[in-house]
Amino acid sequence: MATTYLISELCALVDLPVRTVRYYVQQGLVDRPEGETRAARYGVKQLEQLQLIKKWTTAGLSLDRIRELLNGEEPDAPARSRRRGTLEVVSRLTIADGVELVIEPSRAGLTPEQVREFSRQVMSLYDQVTGQLPGSV
């Protein structure tokens, strides 16, 4: 038996509001569910579509471009250009004197939790490479 989800369950899995998911269905970005109203059931295909849409919107792609990608066009989307006045939030990790890592979470498609874990792993790797004890920099 195939896995199906109520809209509330689906929204919890992809961390999107119900209204947004319904909008994507209305716009044809996500396949329609089986059934109507409260009895509607969404499957793995809709879950995967929503995960892709979320990833691509986080990367700054327009819904029109996402529609093209979902319809099979080449996925190599052009990088966003940085225009004058563009505000970007970055994380700067100081690993050691003279060693820094700059992360742009929205462009990298990373959640805050993933940025923290990535930072911990980078610090641990640096300690291993240099033979230092963790936290003794």
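Me: Buried means under 20% relative accessible area, exposed means over 50%, and partly exposed is in between (1.4 Å probe, protein chains only). This is a predicted model, so local features need pLDDT of at least 70 and side-chain atom pairs count only at pLDDT 80 or more, while totals for chains, interfaces and linings use all residues. Residues are numbered from 1 along each chain as its sequence is written, and side-chain values use heavy atoms, with hydrogens and water left out. Now, which residues of helix α2 are buried?

Reply: V21, Y24 and V25 are the buried residues of α2, which runs over residues 18–26. Looking down the axis of α2, these buried residues stay within an arc of 100° (taken from the directions from the helix axis to the C-beta atoms), so they line one face of the helix. R19 and Q26, on the other side of α2, are exposed.

Me: What makes α2 a helix, by definition?

Reply: A helix is a DSSP run of H or I with at least four residues, a strand is a run of E with at least two, and both are numbered from the N terminus. α2 spans residues 18–26. Just after α2 comes G28, with a positive phi near 80°.

Me: What do the buried residues of α2 pack against?

Reply: They pack against α1 (7–14), β2 (42–43), α3 (44–58) and α4 (63–70), where contact means heavy atoms within 4.5 Å.

Me: Why is Y24 called buried?

Reply: Y24 has a relative accessible area of 9%, which is under the 20% limit, so the label is buried. Its neighbour in the sequence, Y23, comes to 38%; that falls between the limits, so Y23 is partly exposed.

Me: How many aromatic pairs does a search of the whole structure find?

Reply: Just 1 aromatic pair turns up. The rings of Y23 and Y24 have centres 6.3 Å apart and planes at 55°, so the pair is tilted. Here's the rule behind that: rings of Phe, Tyr and Trp (its six-membered ring) pair if their centres lie within 6.5 Å, with planes under 30 degrees apart called stacked, over 60 edge-to-face, and the rest tilted.

Me: How do you know that the buried residues of α1 line one face?

Reply: I7, L10, C11 and V14 are buried in α1. Down the axis of α1 they fall within an arc of 100°, so they line one face of the helix. An α-helix has 3.6 residues a turn, so residues three or four places apart point the same way. The cover over the buried residues of α1 includes β1 (4–5), α2, β2 and α3. After α1 comes D15, and its phi is positive too, near 55°.

Me: Is Q46 in α3 buried or exposed?

Reply: Q46 sits in helix α3. Its relative accessible area is 8%, under 20%, so Q46 is buried. Leaving aside residues up to four places away in sequence, Q46 touches V30, D31, R32 and P33.

Me: What makes T4 partly exposed?

Reply: T4 has 32% relative accessibility, so it lands between the two limits and counts as partly exposed. T4 is part of strand β1. T4 and Y42 are 38 residues apart in sequence, but their C-alpha atoms are 5.3 Å apart in space. Beyond four places in sequence, T4 touches E9, R41 and Y42.

Me: Which residues line the second largest pocket?

Reply: D15, Q51, K54, K55, T58, P105, S106, G109, L110 and T111 do. By class that's 2 nonpolar, 5 polar and 3 charged. α3 gives the largest share, 4 residues. S106 is in helix α5, and its relative accessible area of 37% makes it partly exposed. The C-alpha atoms of S106 and K55 are 9.4 Å apart, though 51 residues separate them along the chain.

Me: How many helices and strands does the protein chain have overall?

Reply: The protein chain has 6 helices and 4 strands, in the order β-α-α-β-α-α-β-β-α-α along the sequence. Of its 137 residues, 25% count as buried.

Conventions: On a 1 Å grid over the protein atoms alone, a cavity is a set of points where a 1.4 Å probe fits but cannot get out, and a pocket is an open set with protein on both sides within 12 Å along at least five of seven lines; lining residues have an atom within 4 Å of a point. Ala, Val, Leu, Ile, Met, Phe, Trp, Tyr, Cys and Pro count as nonpolar, Asp, Glu, Lys and Arg as charged, and the others, Gly among them, as polar.
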